[in-house]
Amino acid sequence: MENRRVLVGMSGGVDSSACALLLQRAGYEALGMTLDLCDGAASGSIEDARAVADKLGIPFFARSHREAFARAVVDDFVRSYEAGRTPNPCIQCNRRVKFEKMLAEADALGCAFIATGHYARVEYDETRRRWLLKKGCNLAKDQSYVLYRLTQAQLRRTLMPLGDFESKDAIRALAEEAGLVTARKKDSQDICFIPDGDYTAFLQRHGVTLTEGNFVDEHGRVLGRHKGLPCYTTGQRKGLGVGGSPYPLYVLRKNAEDNTVVLGPEEALYTSRLILAQPNWIALEALTGPVRCTAKTRYSQTEAAAVVSPLPDGRAEVVFDTPQRAVTAGQSAVLYDGDTVLGGGFICGE
């Protein structure tokens, strides 16, 4: 008999609540679980998730994985900023903590699947013999970008029922009709472990020293003094405190080697080429030659036409048809073929 037992990751929000409801109605034996990862993420979420599970009449568990989260996500976040990069911690968390730990918990509870409230879709392609990650039908909420590092083993056992919905309002209405307490709960916007949004204060609490250095132009000419590399990000204009320029100055890049922040005009923010480190391929077993695709270099960005090609050292080169603004080291470039995620990697320097 087919095992239709599924462990639903319940964050205490409306999306994961609706996920549990939909799977229960589809005939799955649903169990709910909240991963307690940090203080910010845990605030009120366990109680709300438990209330939803009680309403649905499904078992509920809370498991602490704070140590794994601190090691894989927080430590990486701190190291990246120290190295002059700007990381996206949600991407690291999904593969290395949320999905990895949920699958381990699912195995312990005899569940064949895990499920999340992400707006994305998982499908099996018989021709490619690979599990595919696709955009959610609600393109305004599509979360495929932050899931691009998932593995075939993780995708094979993952259900994402919200991916088929075109409207967030429909999800809220579904939850409200079922009497779930999370139906009107606001979406979380901040990084969970920095709820106040003060990155530099967080980094300082975790041992990062803000070392002053020079603002320089593209030719190395000193323009002023900066407060420390973590205080700035590519594309930033406000708060630089540098005057005397005939045009507005923007942060072009940060150099950890000599502790400088390079400033320049807005047109210098545009580039047609980037290098991807540690690429993860989903729709392809490996990148063996140039592939025409679209790509985006941040979550909220519209994709742009490009060609991705393999490099001899295992990295990949992405060349855009038109220059892209504020490509930032440490962020991810995710590559698409239509609504299918080909893969992606971390944006790095040369």
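This passage describes two sheets, two helix pairs and three buried residues of a predicted model.

The model is predicted, and accordingly local features need pLDDT of at least 70 and side-chain atom pairs count only at pLDDT 80 or more, whereas totals for chains, interfaces and linings use all residues. Residues are numbered from 1 along each chain as its sequence is written, and side-chain values use heavy atoms, with hydrogens and water left out.

The parallel sheet is open and contains five strands in the order β3-β2-β1-β4-β7; strands (E, at least two residues) and helices (H or I, at least four residues) are taken as DSSP runs numbered from the N terminus, and two strands are regarded as paired if DSSP finds at least two bridges between them. Because β3 (60-64) and β7 each have a single partner strand, they form the edges of this sheet, and one side of each is left without a neighbour in the sheet. Strand β2 (residues 29-36) pairs with β3 in the parallel sense over five bridges, with G32 standing opposite F60 in β3. Helix α3 (residues 45-56) packs on the sheet and touches β2 and β3, its direction making about 160 degrees with that of β3; contact here means heavy atoms within 4.5 Å, while axes are lines fitted to C-alpha atoms, for helices over the stretch in contact, and angles run from 0 to 180 degrees between N-to-C directions. Helix α5 also packs on the sheet, where it touches β1 (5-9), β2, β3, β4 (113-115) and β7, and its direction makes about 135 degrees with that of β4.

The mixed sheet is likewise open, with four strands in the order β9-β8-β11-β10. Its edges are β9 (222-226) and β10 (250-255), each with a single partner strand, so that one side of each lacks a neighbour in the sheet. From one strand to the next, the twist averages 30 degrees. Strands β10 and β11 (residues 260-264) run antiparallel and are joined by five bridges, and V251 stands opposite L263 in β11. Strand β10 also contains K254, which counts as buried because its relative accessibility is 12%, buried being defined as under 20% relative accessible area, exposed as over 50% and partly exposed as in between (1.4 Å probe, protein chains only). When neighbours within four places in sequence are left aside, K254 is in contact with Y81, G84, R85, T86, L229, P230, Y232, T260 and V261. Of these contacts, T86 is 168 residues from K254 in sequence, with a C-alpha to C-alpha separation of 9.9 Å in space.

Two packed helices are described by the angle between their axes and the distance between the axes. The axes of α4 (residues 66-82) and α5 (residues 89-108) come within 9 Å and cross at roughly 170 degrees, and the two helices are therefore roughly antiparallel to each other; under this scheme, angles under 35 degrees count as roughly parallel, over 145 as roughly antiparallel, 65 to 115 as roughly perpendicular and the rest as oblique. The crossing of α4 past α5 is right-handed, a crossing being left-handed if the near helix is turned anticlockwise from the far one by less than a right angle, and right-handed if clockwise. In this contact, A68, F69, A72, V73, D76 and F77 in α4 meet P89, Q92, C93, R96, V97 and K101 in α5. These residues divide into eight nonpolar, one polar and three charged, where Ala, Val, Leu, Ile, Met, Phe, Trp, Tyr, Cys and Pro count as nonpolar, Asp, Glu, Lys and Arg as charged, and the others, Gly among them, as polar. Within α4, D76 counts as buried at 16% relative accessibility, and, not counting residues up to four places away in sequence, D76 touches R71 and Q92. Helices α1 (residues 14-25) and α7 (residues 168-177) pack with their axes 9 Å apart and at an angle of about 65 degrees, which makes α1 roughly perpendicular to α7. Their crossing is left-handed, and V14, D15, A18, L21, L22 and R25 in α1 meet K168, I171, R172, L174, A175 and E177 in α7. By class, this contact of α1 with α7 has seven nonpolar, no polar and five charged residues.

In the loop between α6 (152-156) and β7 (158-159), R157 counts as buried at 13% relative accessibility. Apart from neighbours within four places in sequence, R157 is in contact with L103, A106, D107, C111, A112, F113 and I114.
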